[in-house]
Amino acid sequence: TVAFVFDTQILNKLNDKSDRRVTFIHESLQEIERELQKKKSSLVVLYGNPEEEIPRLAEKLKVTAVYCNRDYETYGKKRDAAVFK
């Protein structure tokens with residue numbers, strides 16, 4: 001299972017709620033979902049605080065490992081460290 005979390009702590013700060021970057025991400029996720037379905041897999045899209053959503057999903061799915069992209073921004077580093085405590 002592949003998961004993506006729309007971080008509401010970032011989204012809520014956007015002045016333009018129809019931000020083109022978010023639209024691009026959403027459209028890309030739809031394409032990823034189509035490709036995963038061809039491989040008998042799926043995409044879970046969540047909205048919320050990743051510090052809560054990722055551990056909750058990992059527990060629900062009873063996973064033994066979580067892999068993610070590395071974020072080099074200050075907020076991203078802090079968020080990721082909190083997720084993986």
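This is a short talk on the core, the salt bridges and a few surface features of one structure. Keep in mind throughout that the model is predicted.

I'll start inside. The largest nonpolar core has six residues: Phe 6, Leu 11, Leu 14, Leu 29, Leu 36 and Leu 43. Take Leu 11 from that set. Leaving out residues up to four places away in sequence, Leu 11 touches Phe 6, Lys 17, Val 22 and Tyr 47. Of those contacts, Phe 6 is also a member of the core.

Next, the charges. How many salt bridges are there by the rule used here? The count comes to seven. I'll go through three of them.

The first topic is Asp 7 and Arg 79. These two form a salt bridge, with the closest N and O atoms 3.7 Å apart. Asp 7 sits in strand β1, residues 2–7, while Arg 79 sits in helix α4, so the bridge ties together parts of the chain that are 72 residues apart in sequence. Are the two partners buried or exposed? Both Asp 7 and Arg 79 are buried. For Arg 79 the relative accessibility is 11%, and buried means under 20%, so Arg 79 falls in that class.

Arg 79 has another partner. Its side chain also meets that of Asp 80 in a salt bridge, at 2.9 Å from N to O. Asp 80 has 16% relative accessibility and therefore counts as buried as well. Through shared partners, salt bridges join Asp 7, Asp 71, Arg 79 and Asp 80 into one network.

Now a salt bridge in a different setting. Lys 38 pairs with Glu 35, and their closest N and O atoms are 3.2 Å apart. Where do these two residues lie? Both are in helix α2, which covers residues 20–38, and they are three residues apart, about one turn of the helix. On accessibility, Lys 38 is at 62%, which makes it exposed. Glu 35 has a relative accessible area of 37% and is partly exposed. The pair also appears as a polar contact between the two side chains, again at 3.2 Å. For scale along the chain, Lys 38 and Glu 27 are eleven residues apart, and their C-alpha atoms are separated by 17 Å.

On to the loops. Asn 49 is placed in the loop between β2, residues 43–48, and α3. Its relative accessibility is 17%, so Asn 49 counts as buried even though it is in a loop. What does the side chain of Asn 49 reach? It reaches the backbone nitrogen of Glu 51, at 2.9 Å. Not counting residues up to four places away in sequence, Asn 49 touches Thr 8 and Gln 9.

The other loop residue I want to mention is Val 66. It is found between α3, residues 50–61, and α4, residues 74–83. Val 66 has 37% relative accessibility and so counts as partly exposed. Which residues make the nonpolar surface patch that includes Val 66? They are Leu 61, Val 63, Val 66 and Phe 84, and the patch is about 310 Å².

To go back over the main points: the largest nonpolar core has six residues, and Asp 7, Asp 71, Arg 79 and Asp 80 are linked in one salt-bridge network. Lys 38 and Glu 35 are paired within helix α2, and the side chain of Asn 49 reaches the backbone of Glu 51. That is the end of the talk.

Definitions and conventions
Residues are numbered from 1 along each chain as its sequence is written. This is a predicted model: local features need pLDDT of at least 70, side-chain atom pairs count only at pLDDT 80 or more; totals for chains, interfaces and linings use all residues. Side-chain values use heavy atoms; hydrogens and water are left out. Patches are made of residues with over 30% relative accessible area and no salt bridge: like charges are joined within 9 Å, nonpolar side chains (Val, Leu, Ile, Met, Phe, Trp, Tyr) within 5 Å. Accessible areas come from the Shrake-Rupley method with a 1.4 Å probe; for residues, only the protein chains shown count as cover. A salt bridge is a side-chain nitrogen of Lys or Arg within 4 Å of a carboxyl oxygen of Asp or Glu. Helices (H or I, at least four residues) and strands (E, at least two) are DSSP runs, numbered from the N terminus. Buried means under 20% relative accessible area, exposed over 50%, partly exposed in between (1.4 Å probe, protein chains only). A nonpolar core is a set of buried Ala, Val, Leu, Ile, Met, Phe, Trp, Tyr and Cys residues joined through side-chain atoms within 4.5 Å. Contact means heavy atoms within 4.5 Å. A polar contact is a pair of N or O atoms within 3.5 Å; within protein, one must be able to donate a hydrogen and the other to accept it, and residues adjacent in sequence count only if both atoms are side-chain atoms.
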